[in-house]
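Have your viewer open and ready to select residues? Let's take a walk through the strands and helices together.

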Amino acid sequence: MSTSPPTPPPAGTGTGGVQATGAGTGAGAAHVHTSLPPHSGQAPPPNAKPSVFTRTWAHRGKITFGLFLAYSSANFFYNWRLQKIRDTIPPNTVLHWRITDGSIVETDTDKGYYQKVIRAASGDSPAPVSTLIDIVTAIKHAKDDPRIVGIMANFSSANKTQQGKGLGLAQIQELRTAVQEFKEAKAKALGGEDKVSLIAYTDSFDNQSQYYLASVFDKVYMQPSGSIPLVGLSSTVPFFKTLLGRFGIQVRAEARKEYKSMVSPFTETELPPPQKQNLFDLLKGLNAQVLADIAKSRQRALGSDPIEKLNHLIQVGPFMGSEAKDEGLVDGLVYKRDCGKMIEKQGAFGLAHYMRVKDKEHTNKLAKTGEPSLVVGVVYLIGGIKRGGGDFGANTIVKGIREAANDPVVDAVVLRIDSGGGDVVASDTIGDAIRWCQDEKKKPVIVSFGNTSASGGYFVSTHAKAIVAQPTTVTGSIGVASLRPYFTPEFFKMIGVSVEQFFTGSSDTSFLNDLEGAALTRYKRQIDATYSDFVKRVAEGRKLSIEQVENVAGGRVMNGKEALKAGLIDKLGGLSQAIRLAGDYGLEVHKTAGHLPSNLKVDNIVVKVFPKPKPWLQQLVDSMTGDEAVDMYAKEKIRALMMRVFVGDLNGFLGEMGVGGEEFGVSAGTSGMGQQSLEIEDLRVV
């Protein structure tokens, strides 16, 4: 009898959900499988695939990094492409140049980068700041750039976001020369002056220096409500003798010679006749040069005798907008938007932006063509000549000259000076560095005079290879002056202080004692010796006789043209001309030494500024603290000032305030006779 195997119940049925299945016919052969209903948290079957979300979450780090990399690459490419478009100079372009007081400086030290960063963080938008040589170089590049057809200069006060130092006459002359060369070159290249767009615009001229620069442009426009303060040059000299006398202070002053006017404000109530005549002649010569330049630029608008007309106009200025237009000082009374319409069909490019783009283009061109270049090191001496460090102290200047001399790629050095003089010892230190650079390192040093380079500024320059100055540079003042205050008993009685002195030797160093007898004789002899040495240095360095130097010395100040006639300078020109001259002299040195072929000509010059810049962190600290890097310095300065006031030391007080020895020549020299100063009076030409 046969038996059929039992039919298994359906899955999920039966007691406890247990399914028994026979396997074969052997006794006890059975397999038990437990099947439970699915519930939350239950692992998926072994052969189930993970979801997209699960896979994405598992690789979230790689995916995030990939997205970041893709975004960064796309953003970089976008900005790179955008910058390429911005840096592309289209044909028929007019350069836009914003000019304000402080927007053009001599050196990078004057730029105040980190002060601008701080102001920008507070919502301020200062105008771009560029160095004089960078602006001149950019205009010279634009002169030969076929894409550029004009320049539009904006002098509006709307550009002014911070107060800055305005340009001096010599600096303006250099800029005017660059614009004039641009005008002449473009007129020739484009087929006529009418094809060149040279426009100057302002809402109102703040000073006549601005108008002096603007007048070189073909068209000068001003807002109808604006004005031009064209009144000629002037200078005001204050005198302190009476004031000092009221406080019981007398001044022992010695000056060599009759034209040395620095001491007169402290010893006289008005300038002596020789000094008065010298100052008037200086102003007259500078004024004539300024008017001649303006007349040449605006001859068509001013009429048949522009110089005569300008001489008349400065007697009746300043001028309102309508008056200025009627007299030919401006070409129209319009608003800024109207000027924009005049050149709307032409491309626009900022001059500051153009400088960066053109510098990059020029560097790439030299790298590709392999054209030879000369390297000229430039060192700046700005302000009063003083011992020690700081941006323009004697130690810093000497360091810059030595760095340039020791740099193997530098062919020559230019020392740019804008200084009225200062300390004798500091001037001598810098002068020795120039001689060392030329005698030991065989690198020529060319001195470029800025707005002023007189007295100590000229003392420094006597042995340079050549001296270059503008016609409006104030120079000369070959002389020596010394001021020694004497605090009389009346001074101490007035302030309620009694003083008792004790000496183990000479009392000549005390400002409580007046110099008399042998002490006064020694004091005068020192001044005579310093003056004699100055004259001899000039004669030796400039290859002149003592008599020739004496004819123009004695403290006499003069302009650049007069200095050229007197043999005190070699050439009229600005910083760019001095750099070119230095490069030529450096090339000649190489040819003489047999390092280069005698017929080689090198047109390209690379400028390197020395000493090398400070680390950025130090620049940041200096910029924020005004070169007083720590609070202890400020505290010590205040303590010293209070002590000077307490003991009645006017000389020391002025020195601590930064006007002793530099601005007015009042300082305590180590000789005990008062420190000799080589400087001109605080001449302010406005």
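Two strands pair if DSSP finds at least two bridges between them, and strands (E, at least two residues) and helices (H or I, at least four) are DSSP runs numbered from the N terminus. This is a predicted model, where local features need pLDDT of at least 70, side-chain atom pairs count only at pLDDT 80 or more, and totals for chains, interfaces and linings use all residues. Residues are numbered from 1 along each chain as its sequence is written, and side-chain values use heavy atoms, leaving out hydrogens and water.

**First stop: the six-stranded sheet.** Select strand S6 (residues 148-154) and strand S7 (residues 197-202), which are joined by five bridges in the parallel sense. Now add helix H5 (residues 169-190): this helix packs on the sheet and touches S3 (93-98), S6 and S7 (contact means heavy atoms within 4.5 Å). Zoom in on Asn154 to find Tyr201 of S7 opposite.

Next, show the whole open sheet, with parallel pairing in the order S12-S8-S7-S6-S3-S13. S12 (332-333) and S13 (347-350) are at the edges with a single partner strand each, so one side of each has no neighbour in the sheet.

**Second stop: strand S18.** Which residues of S18 (residues 466-469) are buried (under 20% relative accessible area, 1.4 Å probe, protein chains only)? Ala466 and Val468 are buried on one side, and Ile467 and Ala469 on the other.

Select S17 (residues 445-454) too: three bridges join S17 to S18, in parallel. Ser448 is opposite Val468.

Finally, pick S22 (residues 571-572), parallel to S18 and joined to it by two bridges. There, Leu572 is the bridge partner of Ala469.

Key:
Axes fitted to C-alpha atoms, helices over the stretch in contact; angles between N-to-C directions. Buried < 20%, exposed > 50% of the residue type's maximum accessible area, 1.4 Å probe, protein only.
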